[in-house]
Amino acid sequence: MRNSQSEARKRAGKRMRRKRRGKRKQRDGIGRDETRLGGPGMPQRRAVPTLTALCLQNLAQHMQSLWTKDYSDNYLDEYEFRFLVGPFNDLASGLVQELLQLLGSSRRLSRAALHLLLLPHLRQLSLRPCPALANNALGHLIVLRCQGLSVLDLGGCGRLSPAVLVDLAEGLPHLSRLGLAHTQANVQVLSAVGSCCRHLRELDVSGCKKVTPRALRHLGYDLLAQTPGCPTLRVLLARDLEHTEDGDMVAAVAFLLLTLPCLEVLAHGALPNALQLLHSQQLDGTKDSEGFPSLKELVQGQGAVQDGARLRLPLRQLEEVEEDVLGTVHAMCPWAEEVSVWLGDSPSRSGLRELPSWKRLSRVTLGCSGRHGRALAEVLPLAQGLGTRLHSLTLHGFSCRDPLSLSTLLASCPGLQSFSAELEVPPDPRTHDEPPEDPPAPPPRWATDLLPQGLPRLQRFSLTLAGPVPAAHRPVLSSTLASLLCEARHLQSLRLLAVPFQLDSVLEPALAGPALRELRELSLAESRVSAGTVWLLLGSDGPLRRLDLSRCPDIHRRDYDSFLQAVRKQRLDLDITWE
């Protein structure tokens with residue numbers, strides 16, 4: 001009798017202890033599938049701000065109410081002041097730049113604050129976050145007070161007149177980087193840039209509707225001095241300009257290629273046609289009436305004549321090249337390191353076969369412009385030919401007809417640092433008329449040996465699957481992803497988007513081992529992943545900072561709320577997105 005009573009008391013005590021543990025878990029916001037956080041987990045606790053960061057945040061927070069109040073009330077519209085002796089004059093240039101960035105990102109940058117922070121020792125200034133504040137009066141202040149600027153970004157500042165832009169180009173002789181995207185830049189502005197900015201290395205005039213072929217010629221050649229302009233310019237971004245395809249624009253781009261001797265990047269839609277023009281050497285009809293030298297004279301001045309040496313250009317990056325002109329482009333730019341190519345529907349073209357012969361090529365972007373796309377297997381000879389030289393590969397519009405083609409492609413280029421692909425998996429015609437069946441339960445672990453050499457340098461991986469994936473493809477694709485995650489030890493950014501099959505069994509092998517220890521950004525938007533796997537992610541080792549679960553069908557509001565509750569309670573430095 002006594003033995004039975006003691007056993008009953010023991011069983012009751014165990015039940016009470018289990019209940020107390022369950023209540024503690026509920027109080028802590030930890031459910032059955034959740035992992036207790038706070039140890040050396042993947043999302044780390046928010047770092048203690050430095051004293052400098054706290055001071056700058058305090059300045060930004062009280063800028064309007066304290067630091068700029070006297071200036072705003074009494075002197076804001078007085079533009080005659082060449083210099084101001086204010087509270088920020090003793091701040092180092094780097095701190096002034098950090099304060100400007102903090103005010104801009106938090107939308108606290110006012111006209112008064114900007115006036116007080118335009119200091120003579122400022123070296124970098126970006127008005128892109130606040131284009132509404134950039135007017136002509138402010139432009140004159142920049143010329144007066146900030147003549148030591150080396151970087152100036154006026155992107156989107158459409159209120160600045162061409163005359164003020166000319167004054168900026170003429171009054172800031174030390175500029176090495178200038179951003180004029182989506183401004184009123186015109187012939188006069190680019191003429192001033194070409195003749196006055198002798199140390200300029202980067203220029204952005206993308207989206208400037210007033211930049212004409214004549215304006216580009218004035219950028220490349222100073223008519224008054226009869227010398228080429230911008231002798232040190234290496235990067236010229238001129239996307240989305242008007243009249244890209246007409247003959248004048250093509251000739252103007254060819255003119256820039258010949259007058260800018262250090263140009264390595266020219267982002268312009270007419271670049272491939274300009275290279276074809278120079279390669280054909282049909283330059284007799286390119287004489288200019290304003291006094292610019294003709295293309296033929298420029299070619300001869302470089303020592304390349306029609307029957308002599310071949311003209312070669314120092315371009316390192318080429319954009320939007322058609323497949324059938326790759327041979328011509330390579331002949332003109334033998335030192336190219338990066339190329340983006342548009343492919344047609346016909347696999348008989350030989351452009352892809354020529355790319356492995358490009359000796360310095362390391363970054364490739366391929367896009368299918370045709371209606372039907374191309375098979376992923378067609379990229380395999382390119383990957384195998386470049387081998388470890390290939391550091392970045394981006395694919396758009398390819399069809400993954402063979403489930404093994406993705407793993408074979410990745411295994412062919414073990415030196416990859418960045419990979420991005422948007423793939424379509426065509427339906428299996430043999431099962432087209434069959435009724436849909438529930439997919440079989442995934443095995444505990446997929447094979448993780450499909451990448452024998454691994455991807456030791458891979459830092460960024462992105463895969464988007466368009467449309468449903470046939471059941472026959474899912475095991476191979478799952479094993480490919482599981483192998484990738486287990487072998488890419490230095491992965492920092494991972495995006496698995498719109499993956500229609502369950503990713504739990506793909507992620508779990510990597511989470512159970514030493515992989516993903518350097519992962520900082522993870523996006524599983526529109527993919528199948530359970531709340532339990534998310535809790536495993538939150539509890540594993542690594543510096544995860546951003547997690548995107550947007551439109552994940554298996555993540556519900558209650559799951560998202562519990563994630564946020566755990567992050568807040570443990571003060572983790574992690575942003576989670578869900579909708």
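This talk walks through one protein chain, from its overall make-up to a few helix pairs and single residues.

Bear in mind that this is a predicted model. Start with the whole chain. It has 579 residues, and 48% of them are buried. The program assigns 21 helices and 19 strands. Now take contacts between residues at least 6 apart in sequence. Of these, 76% join residues at least 24 apart.

Next, the core. In soluble globular proteins, nonpolar side chains tend to be buried together. Here the largest nonpolar core has 180 residues. Which members touch the most other members? They are Leu318, Leu366, Phe419 and Phe461. Helix H11, residues 247–259, gives the most to this core, with 9 residues.

Let's stop at Leu366. Leave out residues up to four places away in sequence. Leu366 then touches Val341, Leu343, Leu352, Leu355, Val379 and Leu382. It also touches Thr394, Leu395, His396 and Phe398.

Pick Thr394 from that list. Thr394 sits in strand S13, residues 392–399. Is Thr394 buried or exposed? Its relative accessibility is 17%. The cut-off for buried is under 20%, so Thr394 counts as buried. Beyond its neighbours within four places in sequence, Thr394 contacts Val364, Thr365, Leu366 and Ser420.

One more single residue: Cys413. You will find Cys413 in the loop between helix H17, 405–412, and strand S14, 418–424. Cys413 is buried, and its relative accessible area is 0%. What does Cys413 contact, neighbours within four places aside? The partners are Ala383, Gly387, Leu390 and Leu455. Look at Ala383 in particular. Ala383 and Cys413 are 30 residues apart along the chain, yet their C-alpha atoms are separated by 5.9 Å.

Now the helix pairs. Two packed helices are described by the angle between their axes and the distance between the axes. I have three pairs, in chain order.

Pair one is H7, residues 136–145, with H8, residues 162–171. The angle is about 10 degrees, and the axes are 9 Å apart. Angles under 35 degrees count as roughly parallel, so H7 is roughly parallel to H8. On the H7 side, the contact uses Asn136, Gly139, His140, Ile142 and Val143. On the H8 side, it uses Val164, Asp167, Leu168 and Gly171. By class, this contact of H7 with H8 has 4 nonpolar, 4 polar and 1 charged residues.

Pair two is H9, residues 187–196, with H10, residues 213–220. Their axes come within 7 Å and cross at roughly 15 degrees. H9 is therefore roughly parallel to H10. The crossing of H9 and H10 is right-handed. H9 brings Val187, Leu190, Ser191, Val193 and Gly194 to the contact. H10 brings Arg214, Ala215, Leu216, His218 and Leu219. The contact of H9 with H10 divides into 6 nonpolar, 3 polar and 1 charged.

Pair three is H18, residues 474–487, with H19, residues 504–512. The packing angle is about 20 degrees, with the axes 8 Å apart. So H18 and H19 are also roughly parallel to each other. Their crossing is right-handed. From H18, the contact takes Ser478, Leu481, Ala482, Leu485 and Cys486. From H19, it takes Val506, Leu507, Pro509 and Ala510. How do the residues of this contact of H18 with H19 divide? There are 8 nonpolar, 1 polar and no charged.

Stay with H19. Of its 9 residues, 7 are buried, so H19 is largely enclosed by the rest of the structure. The buried ones are Asp504, Ser505, Val506, Leu507, Pro509, Ala510 and Leu511. What do they pack against? The buried residues of H19 pack against H18 and against helix H20, 531–539.

One last helix, H12, residues 271–280. Its buried residues include Leu271, Pro272, Ala274, Leu275, Leu277 and Leu278. An α-helix has 3.6 residues a turn, so residues three or four places apart point the same way. Right after H12 comes Gln281. Its phi is positive, near 60 degrees.

To recap the stops. Leu366 is in the 180-residue core, among the members that touch the most others. Cys413 is buried in its loop at 0%. And H19 is largely enclosed. That's the tour.

Technical notes
Residues numbered from 1 in each chain as written. Predicted model: local features only at pLDDT ≥ 70, side-chain atom pairs only at ≥ 80, totals over all residues. Heavy atoms only, no water. Core = buried A, V, L, I, M, F, W, Y, C linked by side-chain atoms within 4.5 Å. Buried < 20%, exposed > 50% of the residue type's maximum accessible area, 1.4 Å probe, protein only. Helix = DSSP H or I, 4+ residues; strand = E, 2+ residues; numbered from the N terminus. Contact = heavy atoms within 4.5 Å. Axes fitted to C-alpha atoms, helices over the stretch in contact; angles between N-to-C directions. Parallel < 35°, antiparallel > 145°, perpendicular 65-115°, else oblique. Left-handed = near helix turned anticlockwise from the far one by under 90°. Nonpolar A, V, L, I, M, F, W, Y, C, P; charged D, E, K, R; others polar.
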